[in-house]
Amino acid sequence: MSDIRQVLREANAEAVHRMLAAEPVLIDVVAAADAIPELGEGMILHAGPPISWERMCGPMRGAVAGIAVFEGWANDLDAAAALAARGAFQFRPNHDFAAVGPMTGMTTASQPVMVVENQASGNRAFCTINEGLGKVMRFGGNDASVLTRLAWLRDVLGPALGTALRSIEGIELKSLVARGLTMGDEMHQRNVACSSLLLRSLAAALANTCGDRAILTTILSFIASNDQFFLNIAMAMGKAITDPVRDIKGASVVTAMSRNGTDFGIRVSGLGDEWFTAPVEMPDGLYFPGFSAVDANPDMGDSTIVETIGLGGFAMAAAPAVAGFVGAGAPSDAAHITHTMREITLAENPEWTIPALDYQGVPTAIDIRRVVETGIAPMINTGIAHREPGVGQVGAGVVRAPLACFESALWALGKRLGVT
Amino acid sequence: MSKTSESPLVVKAKPASLIQGSPRVVNVGLSGFAEALAAQGVAVIQVDWSPPARGDADLATLLSKLSD
């Protein structure tokens, strides 16, 4: 038994070390098919653990239909849905390809993806570009305005961002996020500081490399008008940080938390790429005018990768304004939420600190043993999609990861280590 | 065995009276008790606590084998 405890102790120390030693840099924007060679025609990567068309929620189906039309695999949304029902498309999780995607998380061959390289370990991770607010594909939107915007991201913004990033050899993200935390961001539901800092880092490079003033103006306006532009970068950063933590024998640290609108799934370092799932829960939140809880879709998206690295709900104390926005209580409750998340993590990140907590580091490396023992489920800040396809975002809220995922993972870890 | 002055069981001082002032309460666990007291104007501090593994004995045993 003492040998097993030693294995666990050393494995988790290595997991924490790899997580904290990461050096994520935003280096490029490329077509998804160039980043992920397996991504061929008819293949659609989605958020969360594996799911079939039959079990997909409304907004996920809406996004699938929309992206199939966008890629030219179907002439219209009805035809795309019919093809999906006949099994014409191959559905795989983003997480299987070093990728992540917000909400529905659609990733297909021609979409541009941002590339974050973890320069401590050499791995890369990918995420599509944030589309902005309102009716967008990540929330299940799929009308002409959504597809037109996706085409602009593919044809104009993606290539311009890639050229600009290459010209300055990328943007180092760790220090940028550290500053964002001191400016009130938690990197899930509040990204206004980091989006602004990113634009400040990019503006000169864009001006230097984009020869068309009208296009440059459009690009700068698009980024400047989207407070959540940095979210997708934070997500790719999270994936780049957590992927090297996979497959450490005996480690009980969570390497992914994700949802597909039907199931919530986690992965654990000592258990490789196996998903441990449970029915996803409904967010508890605040709604835009004209909408209410009856309109809400269950929790969805790969964006929980930011909580997996200690941001989002775990860093609520850095962003007390978010507590009110997502209905998590008064701003004064934000510190309590971060303190509580510290009870289920193994470390604090000394480079990502929260001034309001006397520069305590964000709670890092979720330990499934601590989650099961305390019964404290990870707190997640999230957007809320309409449950019907094609509508879009209707609110924002908080949701808890289902404890059942952590309990089944703990049994599997015990079996893997030979104690059950 | 008779108690000696070193025994921890010996009460060396009289306890403060519980009936001379208002009660001051620390409630551990179910918050309903604290809420009921607070509603009556009693000063109460709530400590969040629940049985390990939500009271699941098998999970608690597994946890004991995997704790470091």
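Trainee: From the N terminus on, what order do the elements of chain B run in?

Mentor: In this predicted model, the elements of chain B run β-α-β-α, and their total comes to 2 helices and 2 strands.

Trainee: What share of chain B is buried, and what makes a residue count as buried?

Mentor: A residue is buried if 20 or more other C-beta atoms lie within 10 Å of its own, and of the 68 residues in chain B, 4% are buried. As for contacts in chain B between residues at least 6 apart in sequence, 0% of them join residues at least 24 apart.

Trainee: What do the two chains give to the contact between them?

Mentor: Chain A gives 15 residues and chain B gives 11 residues. On the side of chain A that touches chain B, the elements that give two or more residues are α1 (2–21), α13 (368–374) and α14 (403–416), and the largest share, 5 residues, comes from α14(A). By class, the residues on this side of chain A are 7 nonpolar, 3 polar and 5 charged.

Trainee: Why is strand β16 of chain A said to be largely enclosed?

Mentor: Strand β16(A) covers residues 393–400, and 7 of its 8 residues are buried, so the strand is largely enclosed by the rest of the structure.

Trainee: What makes β11 and β15 of chain A edge strands?

Mentor: The open sheet has 3 strands in the order β11-β16-β15 of chain A, with antiparallel pairing, and β11 and β15 are its edge strands because two strands pair if DSSP finds at least two bridges between them, and each of these two pairs on one side only. From one strand to the next, the twist averages 20°.

Trainee: How do you know that β16(A) pairs with β11 and with β15 of chain A?

Mentor: The cut-off is at least two bridges; β11 (residues 284–287) and β16(A) have 4 bridges, while β15 (residues 379–385) is joined to β16(A) by 7 bridges. Going along the strands, you will find Asp284(A) with Val398(A) as its bridge partner in β16(A), Tyr287(A) opposite Gly395(A), and Ala385(A) with Gln393(A) as its partner.

Trainee: Why are helices α6 and α7 of chain A called oblique to each other?

Mentor: The axes of α6 (residues 173–182) and α7 (residues 192–209) of chain A come within 8 Å and cross at roughly 135°. Angles over 145 degrees count as roughly antiparallel and those from 65 to 115 as roughly perpendicular, and the angle here is in neither range, so α6(A) and α7(A) are oblique to each other. In the crossing, which is right-handed, the contact is made by residues including Leu176(A) and Val177(A) of α6(A) and Leu197(A) and Leu198(A) of α7(A); by class, this contact has 6 nonpolar, 1 polar and 1 charged residues.

Trainee: What makes the phi of Met187(A) worth a second look, and is this residue buried or exposed?

Mentor: Most residues other than glycine have a negative phi. Met187(A), in the loop between α6 and α7 of chain A, has a positive phi, near 75°, and with 32 C-beta neighbours inside 10 Å it counts as buried, because the cut-off is 20 or more.

Trainee: Why does Asp247(A) count as partly exposed?

Mentor: Asp247(A) has 13 C-beta neighbours inside 10 Å, and because exposed requires 12 or fewer and buried requires 20 or more, Asp247(A) counts as partly exposed. Its place is in the loop between α9 (231–242) and β8 (254–260) of chain A, and its phi is also a positive value, near 65°.

Technical notes
Residues are numbered from 1 along each chain as its sequence is written. Chains are lettered from A and ligands numbered from 1 in the order in which they are written. This is a predicted model: local features need pLDDT of at least 70, side-chain atom pairs count only at pLDDT 80 or more; totals for chains, interfaces and linings use all residues. Two residues are in contact if their C-beta atoms, placed from the backbone, lie within 7 Å. Ala, Val, Leu, Ile, Met, Phe, Trp, Tyr, Cys and Pro count as nonpolar, Asp, Glu, Lys and Arg as charged, and the others, Gly among them, as polar. Axes are lines fitted to C-alpha atoms, for helices over the stretch in contact, and angles run from 0 to 180 degrees between N-to-C directions. Angles under 35 degrees count as roughly parallel, over 145 as roughly antiparallel, 65 to 115 as roughly perpendicular and the rest as oblique. A crossing is left-handed if the near helix is turned anticlockwise from the far one by less than a right angle, and right-handed if clockwise.
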